[in-house]
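User: I would like to go through the reasoning behind a few structural terms, with each value set against its cut-off.

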Amino acid sequence: MKQFPPLDFSHRSREFNCYNDKQKAAVIYNWLVTGMSTREMDEKILGLDSSSKGYQSFGIYRYLGLNGKHQGFFKGWPLPDIIELFHQLCRNPDYCIIFYYFLDCIDRHDLSDADNTLIAEANEYQPEDSLKEQTWIRNSWIGNSKDVNDRLLELPDIPEGKRGQVRISHSGTRYEYYSSTTVKETIKDLYDFRCQICGDVILRTGWKSDMNRVDSWRYLSADVHHILPISEGGPDVKSNMLCLCPTCHRKFHSGEFRIKPHDNAFIVRDELIGQDRELINRHRIIIW
Ligand SMILES: [Zn+2]
Ligand SMILES: [Zn+2]
């Protein structure tokens with residue numbers, strides 16, 4: 001299998017921020033698969049006139065690390081081979097986002113079970129929704145603002161919308177609850193993916209200690225816990241969420257940890273040993 005040329009990032013985000021996911025996906029797909037020229041993509045995908053000279057599509061694929069060496073790289077490749085190569089690359093979130101944009105442009109219904117398994121595995125390294133929301137928060141919401149925390153706290157909670165949905169499957173009817181990925185990602189960013197109780201953080205492959213704060217988010221992992229579960233009527237808002245490591249998260253669900261008010265703030269009670277623990281806190285918490 002031919003080696004995928006290494007990514008080479010341009011830090012200019014202006015063009016990337018101007019277009020929607022559908023347009024970005026089409027640019028990524030065509031650059032890699034058909035090798036369509038940037039001028040043609042500006043006209044056909046982004047709906048611009050010829051005066052844009054291809055700079056807009058160029059800005060989009062360059063921002064994700066693709067360059068001239070990637071033009072038409074997959075031309076003539078069978079789809080399963082492309083999926084397999086991406087599967088290998090996807091341990092690095094930088095490739096995952098390209099893969100997810102690529103997948104937006106193909107008909108996933110025709111894929112074999114094996115291909116769908118590879119896609120599902122890639123989604124486990126870095127879930128598609130989180131990665132896209134994370135990219136949106138970093139590029140469009142935070143942008144170049146200096147006060148990252150203020151900006152994150154300003155991000156509005158998603159208004160009460162689709163709380164849950166009835167799903168009918170062969171095993172019966174199930175009620176499923178949804179939580180906004182954007183709001184959850186905001187909470188993780190606010191704490192730099194550190195557990196609000198023990199301070200632990202999970203690092204993904206590719207993390208380096210000298211990365212800047214916002215760049216490092218792509219290489220970190222954390223859980224978000226709803227203090228009052230959505231299934232029990234809890235609201236899907238930041239004030240009902242905590243950023244936790246998987247271990248502390250488990251302890252909330254097992255009943256070992258319980259959050260309680262203390263001196264106008266909150267502490268966490270360890271019910272097992274009967275001790276209180278402090279909570280690292282940067283956002284307003286409300287007990288519903
Ligand atoms: Zn923890
Ligand atoms: Zn939870």
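Analyst: Buried means under 20% relative accessible area; please keep in mind that this is a predicted model.

User: Why does Cys 195 count as buried?

Analyst: Its relative accessibility is 1%, and since the cut-off is under 20%, Cys 195 counts as buried. Cys 248, at 5% relative accessibility, counts as buried by that criterion too.

User: What makes Cys 195 (SG) a donor of the zinc ion (ligand 1)?

Analyst: Donors are N, O and S atoms within 2.8 Å of the metal, and the SG atoms of Cys 195, Cys 198, Cys 245 and Cys 248 lie 2.3 to 2.4 Å from the zinc ion. Along the sequence, these donor residues follow the spacing C-x2-C-x46-C-x2-C. Cys 195 sits in the loop between helix H10 and strand S3, and Cys 248 in helix H12, so the pair ties together parts that are 53 residues apart in sequence.

User: Why is the arrangement around the zinc ion called tetrahedral?

Analyst: Four donors count as tetrahedral if all angles lie between 85 and 135 degrees; the four donor atoms here subtend angles of 105 to 115°, and the arrangement is therefore tetrahedral.

User: Which residues have the most contacts inside the largest nonpolar core?

Analyst: That core has 43 residues, and Phe 4, Ile 28, Leu 32, Leu 66, Phe 74, Ile 98 and Phe 99 have the most contacts inside it. Helix H6 gives the largest share, nine residues. Beyond its neighbours within four places in sequence, Phe 4 is in contact with residues including Leu 32, Leu 66, Phe 74 and Tyr 95. A second, separate core of 17 residues includes Val 183 and Phe 193.

Notes
Residues are numbered from 1 along each chain as its sequence is written. Chains are lettered from A and ligands numbered from 1 in the order in which they are written. This is a predicted model: local features need pLDDT of at least 70, side-chain atom pairs count only at pLDDT 80 or more; totals for chains, interfaces and linings use all residues. Side-chain values use heavy atoms; hydrogens and water are left out. Donors are N, O and S atoms within 2.8 Å of the metal (3.2 Å for Na, K and Ca); water is not among the atoms, so sites may look incomplete. Four donors count as tetrahedral if all angles lie between 85 and 135 degrees; four count as square planar and six as octahedral if opposite donors are over 155 degrees apart and all others between 65 and 115; anything else is irregular. Helices (H or I, at least four residues) and strands (E, at least two) are DSSP runs, numbered from the N terminus. Buried means under 20% relative accessible area, exposed over 50%, partly exposed in between (1.4 Å probe, protein chains only). A nonpolar core is a set of buried Ala, Val, Leu, Ile, Met, Phe, Trp, Tyr and Cys residues joined through side-chain atoms within 4.5 Å. Contact means heavy atoms within 4.5 Å.
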